[in-house]
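Trainee: Could you take me closely through one part of this model, namely how its strands pair into a sheet and what packs on that sheet?

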Amino acid sequence: MSLKQTPIGERIHISFFGKTNSGKSSIINSLTNQEISIVSDIKGTTTDPVLKSMEIIGVGACVLIDTAGFDDDSELGIKRIEKTKQILQKSDIAVVIFSDENIEEETKWILDIKSKNIPLILVLNKIDTIKNYEHLQKKIEEKLNQEILCVSAKDKTNINKILDSIKEISEKIELDSICGHLVKDNDTVLLVMPQDIQAPKGRLILPQVQTIRDLLELKCIVICTTTDKFSDAINKLKNPPNLIIVDSQIFGKIYPLKPKDSLLTSFSVLFSRYKGDINEFIIGANAIDNLKDNDYILIAEACTHNPQDGDIARVKLPNMLKKKTGKELKIDICSGNNFPKDLSKYSLIIHCGGCMFNKKYVLNRIDSVKKNKVPITNYGIAIAHMLDILDKIEK
């Protein structure tokens with residue numbers, strides 16, 4: 001990822017849903033003035049979701065997502081619809097496209113969208129071909145008790161109305177700060193960032209980059225160092241740093257060495273609030289103390305990468321759990337979007353910071369876990385709990 005680009009997890013996700021041939025792809029192409037999605041009269045042309053990251057004036061950094069028709073009855077239709085449902089979990093704004101008199105499928109999806117509290121825009125497309133489209137407009141608005149925008153993607157009639165609605169909703173979406181609850185203008189913040197195998201040469205990992213940017217926007221004085229230079233960095237400072245942010249894996253090394261007046265936290269702990277539900281993660285960490293032999297633990301990663309020696313999910317966290325509990329535990333790993341539907345066998349789920357996901361998706365994961373009555377925590381919170389310093393770090 002280029003440092004000049006906003007990460008996909010920080011972009012507003014705007015998803016387009018509708019039946020096959022309703023004109024989802026055409027509308028996206030009209031909105032962007034680009035051929036982002038293939039347009040065809042052949043039913044089911046869009047199969048896998050198509051994502052386009054872009055900047056829209058008045059909206060900012062966003063992702064437009066074209067999805068397969070939710071009435072796809074082809075051989076692979078069930079799998080395509082399942083992928084469309086996964087996109088719903090990530091959606092900050094949902095645009096549902098209508099194009100004919102049969103609105104039963106759209107109505108079902110809209111009820112699901114509303115149950116997830118996703119802001120919704122209704123669009124009636126193809127008004128250039130629908131006879132007396134005002135009758136259909138009235139029918140939909142009365143049934144769903146919401147205004148519908150009448151457009152033609154083909155000749156771009158009223159397309160700007162969709163854009164105006166997206167802008168209006170996006171203005172209400174609050175953009176959180178990673179560190180704003182811990183620092184103020186002119187605070188000195190020391191970042192301790194081990195450059196291990198998970199941070200390839202010439203790069204910082206994404207949470208580090210995002211945290212540095214956030215601190216700079218908060219007008220803090222930002223100093224970066226590595227673990228072995230921590231004491232030297234402290235000694236060179238006239239006053240102790242107001243805040244120290246570390247990789248969670250080195251909590252045990254840094255905590256005994258930190259100045260008494262410096263606050264301490266980690267990138268993962270910060271992201272537990274920024275991306276997820278920190279209160280739920282703290283409650284979930286307590287489940288570590290109640291683990292028994294042969295209990296199943298799921299460790300969930302947002303990113304996908306080739307496992308390395310000393311990998312935190314596959315080596316370090318399992319070793320820490322075994323040392324803390326003294327139990328023989330069974331560890332499962334999942335990466336990216338491959339999160340299990342059936343969570344019934346798990347006694348605990350430990351999630352990464354989620355820097356590759358948007359907050360909506362992480363919160364939906366947490367919600368599904370809570371419905372299954374399984375405790376969930378995150379890397380940093382779990383590590384601090386196992387080191388018995390969770391009450392001594394900033395959250």
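Mentor: Happy to; the six-stranded sheet comes first, and a helix pair and another sheet follow for context.

A word on the basis: this is a predicted model, in which local features need pLDDT of at least 70 and side-chain atom pairs count only at pLDDT 80 or more, while totals for chains, interfaces and linings use all residues. Residues are numbered from 1 along each chain as its sequence is written, and side-chain values use heavy atoms, with hydrogens and water left out.

Six strands make up an open sheet with mixed pairing, in the order E2-E3-E1-E4-E5-E6. Strands here are DSSP runs (E, at least two residues) and helices likewise (H or I, at least four), numbered from the N terminus; two strands pair if DSSP finds at least two bridges between them. At the edges stand E2 (50-56) and E6 (148-150), each with a single partner strand, so one side of each is left without a neighbour in the sheet. From one strand to the next, the twist averages 25 degrees.

Now look at E4 (residues 93-98) and E5 (residues 120-124), which run parallel and are joined by five bridges. Val-95 stands opposite Ile-121 in E5. Helix H3 (residues 104-115) packs on this sheet and touches E1 (12-18), E4 and E5; contact means heavy atoms within 4.5 Å. The direction of H3 makes about 170 degrees with that of E4, where axes are lines fitted to C-alpha atoms, for helices over the stretch in contact, and angles run from 0 to 180 degrees between N-to-C directions. Helix H4 (residues 133-144) also packs on the sheet, touching E4, E5 and E6, and its direction makes about 165 degrees with that of E6.

For context, consider a helix pair. H6 (residues 206-217) and H9 (residues 267-274) pack at about 75 degrees with their axes 10 Å apart; they are therefore roughly perpendicular to each other (65 to 115 degrees). Pro-207, Gln-208, Gln-210 and Thr-211 in H6 meet Phe-267, Leu-270, Phe-271 and Tyr-274 in H9.

Lastly, the other sheet. Four strands form an open sheet with parallel pairing, in the order E12-E11-E13-E14. Its edges are E12 (330-335) and E14 (376-378), each with a single partner strand. Three bridges join E13 (residues 346-351) to E14, and His-351 stands opposite Asn-378 in E14. Helix H10 (residues 278-285) packs on this sheet, touching E13 and E14, with its direction at about 105 degrees to that of E14.

Methods
Parallel < 35°, antiparallel > 145°, perpendicular 65-115°, else oblique.
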